[in-house]
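Let's take a friendly walk through this protein, starting with the whole chain and ending with a few single residues. Keep the structure open beside you as you read.

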Amino acid sequence: MDFTLSDEQVLLRDMARDFAERELKPRAARHDREERLDPAVIEQLKDLGFLGLTVPEKYGGGGMSNLDLSIVLEELNRGCASTGVTVSVHNSLVCTPILKFGSDAQKALWLPKLASGQVLGAYCLTEPGSGSDAAALATRAERAGDGWVLSGTKIWVTTGALAGLFIVYARTNPSVSKAKGISAFLVAKETKGLRVGKKELKCGIRGSPANEIELENCRVGPEALLGQVDRGFQVALDTLDGGRIGIASQAVGIGTACLEAALVYSKQRAQFGQPISNFQAVQWKLADMATRLDAARMLVHRAAWLRDRGEPCGKQAAQAKLAASQACNMAADESLQIHGGAGYTDHFEIERLFRDARITEIYEGTSEIQRLVIARSLLA
Ligand SMILES: Cc1cc2nc3c(=O)[nH]c(=O)nc-3n(C[C@H](O)[C@H](O)[C@H](O)COP(=O)(O)OP(=O)(O)OC[C@H]3O[C@@H](n4cnc5c(N)ncnc54)[C@H](O)[C@@H]3O)c2cc1C
């Protein structure tokens, strides 16, 4: 068994780390405060090829693996989680399903635009009445000529305000059981009847806009259908396997930033005549944080590696997300504790990291839902 990254992966990781350190970390507080990403950052993501990492080269992408994507996402999220989730959603929730389920024409139309960053992507599954129970969605897609008319409301759509392409899940067959009558559609932002609605004021990842998307008699042609009719829920679930690896990578990245902040602060802060890092109670926290994060990273890399081999990885992706998001939140909590009162103010980045960490246990399936996926697989 070989745990080392290839030379190319080390170069990729170092490039992403250097970019995150130089460009993202110094801007992260501003992204949070202003509730938007610096447009210059999006331009840099385009230039570095981070918006088409796993898209094949023939469509203008980097032709890289899911493991490569995971390595990059960890580093970007170490610098700025709002930027990190934008890249994760775009790559895992939008580029990948088009690559896996799209027709040749859909790939030729969308992948070059997505890979170059000309168009950002968003994923529209959640609705006011369907979150964890995603198959209960109520958005309808009704046949109209050879196309479809979409009506409904999607909520908490990451990158909603910036996206040019939305993957919308809608019910095409109300007469069959919930998960069986859903289809996926590629809907361009300028499509009549699609409206980007209100932006949520969030606890963390405030630089990443999460919007309501309204679909009112939104007419799309037959070319908008992604994959087979009534088989869209499989598209959604397969997509979420990859998405969960992305969010697990994000969690390891945010958690690592929390650990790093704790290392720096504990060596600087003196109490009882010595740096607080001398106290065993603090050292144990640091050791536990590092151990949980390392273990999580290994689960994340295993899940990505399985996905690259085309093997089933639903359970492993859920385990990676569960373990990584828990490690991340534990690291955020302990790091804030090590910062004492200062950690509870905006004088130190841990205050933002603590807020950013929290979402990793919620989106792309809560920790409870990850446990459900894992237990179902164990009991099958
Ligand atoms: C910032 C942000 C960004 C998001 N981005 C997107 C996006 O881009 N696209 C998108 O489609 N969605 C997105 N979401 C939605 C996200 O995926 C959902 O919030 C998440 O899946 C949980 O759904 P819910 O919020 O409706 O919680 P609910 O499903 O209402 O769950 C509430 C609580 O009940 C628990 N629960 C529910 N069912 C069970 C069960 N069977 N067993 C045990 N416990 C259960 C949950 O774990 C949770 O603790 C985003 C959400 C947020 C907050």
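## The chain as a whole

In the protein chain, 75% of the contacts with a separation of 6 or more are between residues 24 or more positions apart. Please keep in mind that this is a predicted model. Its secondary structure comes to 10 helices and 10 strands. Of the 380 residues, 52% count as buried.

How do the overall dimensions look? Along its principal axes, the C-alpha trace spans about 80 × 45 × 40 Å. The radius of gyration of the protein chain is 21 Å, and this agrees with the value near 21 Å that a compact globule of 380 residues would have.

## Domains and the ligand

The domain assignment gives domain 1 (7-120), domain 2 (122-230) and domain 3 (234-379). Domain 2 and domain 3 have C-alpha centres 30 Å apart. Their contact takes 10 residues from domain 2 and 8 residues from domain 3. On the side of domain 2 that touches domain 3, there are 7 nonpolar and 3 polar residues, with no charged ones.

Which residues are closest to the ligand? They are T126, G131, S132, T366 and E368, part of a shell of 21 residues that surround the ligand. Strand 1 (121-124), strand 3 (147-158) and helix 10 (367-379) are the elements that give two or more residues to this shell. By class, the shell has 12 nonpolar, 6 polar and 3 charged residues. Domain 2 (122-230) and domain 3 (234-379) each supply at least three residues to the shell.

## One helix and its end

Helix 7 (residues 280-308) offers a neat check of length. At 1.5 Å a residue, its 29 residues should span 42 Å, and the end C-alpha atoms are indeed 42 Å apart, which agrees. Just after helix 7, G310 takes a positive phi of about 75°.

## Three residues up close

Now for some single positions. The table pairs each one with another residue of the chain.

| Pair | Apart in sequence | C-alpha to C-alpha |
|---|---|---|
| I247 and C258 | 11 residues | 16 Å |
| K180 and F233 | 53 residues | 7.1 Å |
| I71 and D104 | 33 residues | 29 Å |

I247 lies in helix 6 (residues 232-268). Is I247 buried or exposed? I247 is buried, because 31 other C-beta atoms lie within 10 Å, and 20 or more are enough for a residue to count as buried. Leaving aside neighbours within four places in sequence, I247 is in contact with S88, K321, T360, Y363 and E364.

I71 has its place in helix 3 (residues 66-79). With 24 other C-beta atoms within 10 Å, I71 is buried. Apart from neighbours within four places in sequence, I71 is in contact with Q9, L12 and R13.

K180 sits in a loop, the one between strand 4 (165-171) and strand 5 (182-188). Why does K180 count as partly exposed? K180 has 15 other C-beta atoms within 10 Å, and partly exposed residues fall in between the 12 or fewer of an exposed residue and the 20 or more of a buried one. As the table shows, the C-alpha atoms of K180 and F233 are 7.1 Å apart, although these positions lie 53 residues apart in sequence numbering.

How values were computed: Residues numbered from 1 in each chain as written. Predicted model: local features only at pLDDT ≥ 70, side-chain atom pairs only at ≥ 80, totals over all residues. Helix = DSSP H or I, 4+ residues; strand = E, 2+ residues; numbered from the N terminus. Rg over C-alpha atoms; globule rule 2.2 N^0.38 Å. Contact = placed C-beta atoms within 7 Å. Near = placed C-beta within 6 Å. Nonpolar A, V, L, I, M, F, W, Y, C, P; charged D, E, K, R; others polar. Domains from an automatic or database assignment. Expected span 1.5 Å × (residues − 1).
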